[in-house]
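Please open the structure in your viewer and keep the sequence panel visible. The tour goes one selection at a time.

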Amino acid sequence: MLPAPDRSRRGAVRDRMLSQASLPIAGNRTERRLLASIHDVGPRFEREVDQLADRLSRHLGGPRFAMLVVPDHWGQAPLVGARAFQAKLRDWATSGVEMFVHGWTHRDDNPTKGFKARHMTAGEGEFSALPQAEALRRMTEGRALIEDITGAPVAGFIAPAWLYSPGAMAALGEAGFAMAEDHMQVWRPADGAVLARGPVVTWASRSRSRIRSSLAFAALARTALRPLGTLRIAVHPGDTSVPALLDSIDASFAAATRTRAVGRYSDLVKRN
Ligand SMILES: [Zn+2]
């Protein structure tokens, strides 16, 4: 009779399988982290953002999440002059919320792009076709505005719909952001180093079919993404209008916080 493989051998096999799937693994609870974020923060969605901030704070034991701030959503909700909302942002930043610049208007208004390309992201991929100079201008102005309001450095830049044109990618390095992320990874623009890998768990409220598929992915992710060293969960203002999405968000946070420490994006920079 053959001896049963010992523990270390089984561990090695498991490690190899996970590395083949290029998933960074972590051996214990303290090494696995959860990064939470609220997208599209600005005066346009003040009520929804308040609701999400309360909800996430309950799951995370305080305001331990990032906010993606839009300086002038759709050109209709300027942060400049929105004094009450600015005060809220400042308070959140003071209480430890990490602030990311999330575009300028959030909308893709590039007239050279066909309807179909804009339709794919519901016209929300502001940086998906911007040339470098314009991308850099919006990044720099967004950063200055948000840092002026909060009195603290932003954590990084995240493009609307996680879409970056080649010009936007080049501008990120020039703008000097410590971090950027897309749907599949977090990276350091200065040298391109990947700081975390793995898909973001997020929900879509735009149509019934998107609601259904995001519910299915979130449910699958609760077990399939367990090996990830860093799990990202992102919520949007529109999620608050769909009870099934809120239930799913609650379930995903409950599952993640059982096995992970609540982390900060800036931890990724410190460790690498
Ligand atoms: Zn957004």
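The stops below run from the whole chain to single helices, strands and residues.

**Whole chain**

This is a predicted model, in which local features need pLDDT of at least 70, side-chain atom pairs count only at pLDDT 80 or more, and totals for chains, interfaces and linings use all residues. Residues are numbered from 1 along each chain as its sequence is written.

Colour the chain by pLDDT, the predictor's confidence in each residue, from 0 to 100. The mean for the protein chain is 88, and 83% of its residues reach 70 or more. Now select residues 1-29, where pLDDT stays under 50. For this stretch the model has 20 contacts beyond four places in sequence; two residues are in contact if their C-beta atoms, placed from the backbone, lie within 7 Å. Where pLDDT is low, the predicted coordinates should not be read in detail.

Switch to a cartoon view. The chain has 9 helices and 12 strands. Helices (H or I, at least four residues) and strands (E, at least two) are DSSP runs, numbered from the N terminus. Of the contacts with a separation of 6 or more, 72% are between residues 24 or more positions apart.

A residue is buried if 20 or more other C-beta atoms lie within 10 Å of its own, exposed if 12 or fewer, and partly exposed in between, with C-beta atoms placed from the backbone. By that count, 40% of the 272 residues in the protein chain are buried.

**The nonpolar core**

Which residues touch the most other members of the largest nonpolar core? Select I38, M67, V69, M99, F100 and F157: they do so in a core of 65 residues. A nonpolar core is a set of buried Ala, Val, Leu, Ile, Met, Phe, Trp, Tyr and Cys residues joined through C-beta atoms within 7 Å. In soluble globular proteins, nonpolar side chains tend to be buried together.

Centre on M67. Leaving aside neighbours within four places in sequence, M67 is in contact with I38, V41, W92, V97 and M99.

**Helix α8**

Select residues 243-259, which form helix α8. The expected span of a helix is 1.5 Å times one less than its number of residues. For the 17 residues of α8 that gives 24 Å, and the end C-alpha atoms are 25 Å apart, which agrees.

Show the side chains of L245, S248, I249, S252, F253 and A256, the buried residues of α8. They cover an arc of only 135° around the axis, which puts them on the same side of α8; the arc is that of the directions from the helix axis to the C-beta atoms. An α-helix has 3.6 residues a turn, so residues three or four places apart point the same way.

The buried residues of α8 pack against β1 (33-41), α2 (46-60), β10 (201-202), α7 (208-224) and β11 (230-235). Turn the helix over to find exposed P243, D247, A254 and R258 on the face turned away from the buried side.

**Helix α7**

Move to α7, where S214, A218 and A221 are buried. They cover an arc of only 65° around the axis, which puts them on the same side of α7. The buried residues of α7 pack against β10 and α8. The face turned away carries exposed residues, among them R208, R212 and L220.

F217 is also in α7. Is F217 buried, exposed or partly exposed? F217 is partly exposed, with 17 other C-beta atoms within 10 Å. The C-alpha atoms of F217 and T202 are separated by 8.6 Å, at 15 residues apart along the chain.

**Strands β7, β8 and β9**

Select residues 180-181 (β7) and 185-188 (β8), antiparallel strands joined by 2 bridges. Two strands pair if DSSP finds at least two bridges between them. E181 stands opposite V186 in β8, and a hairpin of 3 residues joins β7 to β8.

Add residues 193-197, strand β9, which pairs with β8 in the antiparallel sense over 4 bridges. R188 has A193 of β9 as its bridge partner. The hairpin of β8 and β9 has 4 residues between the strands, and G192 there takes a positive phi near 80°.

**Two tryptophans**

Select W74, in the loop between β3 (72-73) and β4 (77-78). Phi of W74 is near 55°, a positive value in a residue other than glycine. W74 counts as partly exposed, with 15 C-beta neighbours inside 10 Å.

End at W162, in the loop between β6 (156-157) and α6 (166-175). W162 is not a glycine, yet its phi is positive at about 60°. With 19 C-beta neighbours inside 10 Å, W162 counts as partly exposed.
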